[in-house]
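Here is a short set of exercises to work through with the structure open beside you. Try each task before you read its solution.

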Amino acid sequence: MTARPRIAVSSCLLGELVRFNGGHSRDRFLSGALDPFVDWVRICPEMEVGLGTPRETLRLERSPGGPRLMTRTTRADLTDRMTALARARSAALDVDGYVFKSRSPSCGVHGIPLHPEGGGGPVGKRDRGTFASVVMDAHPLLPVEDEGRLNDALLKESFVERVFAHARLRELLDGDWRPADLVAFHARHKMQILAHDPVHYREAGRVVAGAGLRPREELGAHYSRAFRAALARRATVGGNVNVLQHCMGMLQLDPARRADLVEVIGSYRAGRVPLSVPTTLLRHHARGEPAAYVRDQTYLLPFPEALRLRNHVPA
């Protein structure tokens, strides 16, 4: 696993002093455990539209034409400036994921208050930030989270898995690849794709089956859509159990080891052990040339082991 994900990030989350109050919002996971394994693309939309720091706070307000990004006190409308910046950034964005600042009227991706136009009154429905909304609409299959949601073990694991998978695909498609390289890439990722989405697993398989019959650019684009769409669906316990059993079936195990693995997979299904237990055991058994196919599956080690993910017990 040599590909390093490129991840766009609200720069305050890495400790840059760009917040409205002149401070930062450094996130321990992003600036700590994840930092050695990724390349950051730091973005602060408020600074890029010239607001500076410290600065007046912003909020989203309702209007007949859609949400407007307004300064709270001077009532300056920044919607058009922020939208233009977001479109320019989106057009040039070449990353494997994005972590936005939570609760920000420009960068938030979930639950941003939408205030009544012009001032007081009850807060209505909640919306996405102005900048984040444009980026997400332009890149619907891009792995996106905010740092608050990354405190959830399952969401963190899913996001990290996706960005590393996207990075491996980007590394392949950016190189001088041939149809045989795409076939080999798919072979290594088959179990990972299957765990997430059997429908797109079959679609990706059909694309690869005709790899030598289509123009390279068209082939890469079609496979990329199927691959990214599959990973966009989070793997369920049932999907993981299905893949674990598939992998076990491809190994030559004596009865005692097979029974042990069956028991561990059952314990994972029942919520008694985390996913790391059966996958580690499978990696242990997938040694030697006969087990090369299983051993090489990205499903068993989709991100650096040092990140210590997959250690939560499913609910």
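**Exercise 1. Find the acidic partner of lysine 101 in a salt bridge, and say which parts of the chain the pair ties together.**

Solution. This is a predicted model, so each step rests on computed values.
- Step 1: lysine 101 forms a salt bridge with glutamate 147, and their closest N and O atoms are 2.9 Å apart.
- Step 2: the rule asks for a side-chain nitrogen of Lys or Arg within 4 Å of a carboxyl oxygen of Asp or Glu, and the pair of lysine 101 and glutamate 147 is counted under it.
- Step 3: place the two residues. Lysine 101 is in the loop between E5 and strand E6 (112–115), while glutamate 147 is in the loop between strand E8 (144–146) and H5, so the bridge ties together parts 46 residues apart in sequence.
- Step 4: check the burial, for which the cut-off is under 20% relative accessible area. Lysine 101 has 6% relative accessibility and counts as buried; glutamate 147, with a relative accessible area of 10%, is buried too.

Elsewhere, salt bridges with shared partners join Arg59, Glu61 and Arg75 into one network.

**Exercise 2. Aspartate 94 and aspartate 96 each form a salt bridge. Which of these aspartates is buried, and which is partly exposed?**

Solution.
- Step 1: start with aspartate 94. Its partner is arginine 6, with the closest N and O atoms 2.6 Å apart.
- Step 2: aspartate 94 sits in the loop between H3 and strand E5 (97–100), and arginine 6 sits in strand E1 (residues 6–10), so this pair ties together parts 88 residues apart in sequence.
- Step 3: read off the accessibility. Aspartate 94 is partly exposed at a relative accessible area of 44%, and arginine 6 is partly exposed at 25%.
- Step 4: turn to aspartate 96. Arginine 170 forms a salt bridge with aspartate 96, and the closest N and O atoms are 2.8 Å apart.
- Step 5: arginine 170 belongs to helix H5 (residues 153–174) and aspartate 96 to the loop between H3 and E5, so the parts tied together are 74 residues apart in sequence.
- Step 6: aspartate 96 counts as buried at 1% relative accessibility, and arginine 170 is buried with a relative accessible area of 12%.

The answer, then: aspartate 96 is buried, and aspartate 94 is partly exposed. If you would like to look for other bridges, the full count comes to 19 salt bridges.

**Exercise 3. Describe how helices H3 and H4 cross, and sort their contact residues by class.**

Solution.
- Step 1: two packed helices are described by the angle between their axes and the distance between the axes.
- Step 2: for H3 (residues 79–92) and H4 (residues 130–138), the axes come within 8 Å and cross at roughly 35°. The crossing is right-handed.
- Step 3: list the contact. H3 contributes Thr79, Met82, Thr83, Leu85, Ala86, Arg87, Arg89 and Ser90, and H4 contributes Thr130, Phe131, Val134, Val135 and Ala138.
- Step 4: sort them. The contact has seven nonpolar, four polar and two charged residues.

**Exercise 4. Phenylalanine 185 and tyrosine 223 form an aromatic pair. What is its geometry?**

Solution.
- Step 1: a pair of aromatic rings is described by the distance of the centres and the angle of the planes.
- Step 2: there are four aromatic pairs by the counting rule. In the pair of phenylalanine 185 and tyrosine 223, the centres are 6.1 Å apart and the planes stand at 85°.
- Step 3: planes over 60 degrees apart count as edge-to-face, and the pair is classed that way.
- Step 4: phenylalanine 185 lies in helix H6 (residues 179–196) and tyrosine 223 in helix H8 (residues 216–232), so the pair links distant parts of the chain, 38 residues apart.- Step 5: both rings belong to buried residues, phenylalanine 185 at a relative accessible area of 2% and tyrosine 223 at 0% relative accessibility.
- Step 6: widen the view. Ring pairs link Phe185, Tyr223 and Phe227 into a cluster.

**Exercise 5. Which residues of helix H11 are buried, and which helices do they pack against?**

Solution.
- Step 1: in H11 (residues 276–285), the buried residues are Ser276, Pro278, Thr279, Leu281, Leu282 and His285.
- Step 2: the buried residues of H11 pack against helix H9 (237–249) and helix H10 (255–269).
- Step 3: set this against the whole protein, where buried residues make up 50% of the 315 residues. The protein has 12 helices and eight strands.

Methods: Residues numbered from 1 in each chain as written. Predicted model: local features only at pLDDT ≥ 70, side-chain atom pairs only at ≥ 80, totals over all residues. Heavy atoms only, no water. Axes fitted to C-alpha atoms, helices over the stretch in contact; angles between N-to-C directions. Helix = DSSP H or I, 4+ residues; strand = E, 2+ residues; numbered from the N terminus. Left-handed = near helix turned anticlockwise from the far one by under 90°. Contact = heavy atoms within 4.5 Å. Nonpolar A, V, L, I, M, F, W, Y, C, P; charged D, E, K, R; others polar. Buried < 20%, exposed > 50% of the residue type's maximum accessible area, 1.4 Å probe, protein only. Phe/Tyr/Trp six-rings, centres within 6.5 Å; stacked < 30°, edge-to-face > 60°.
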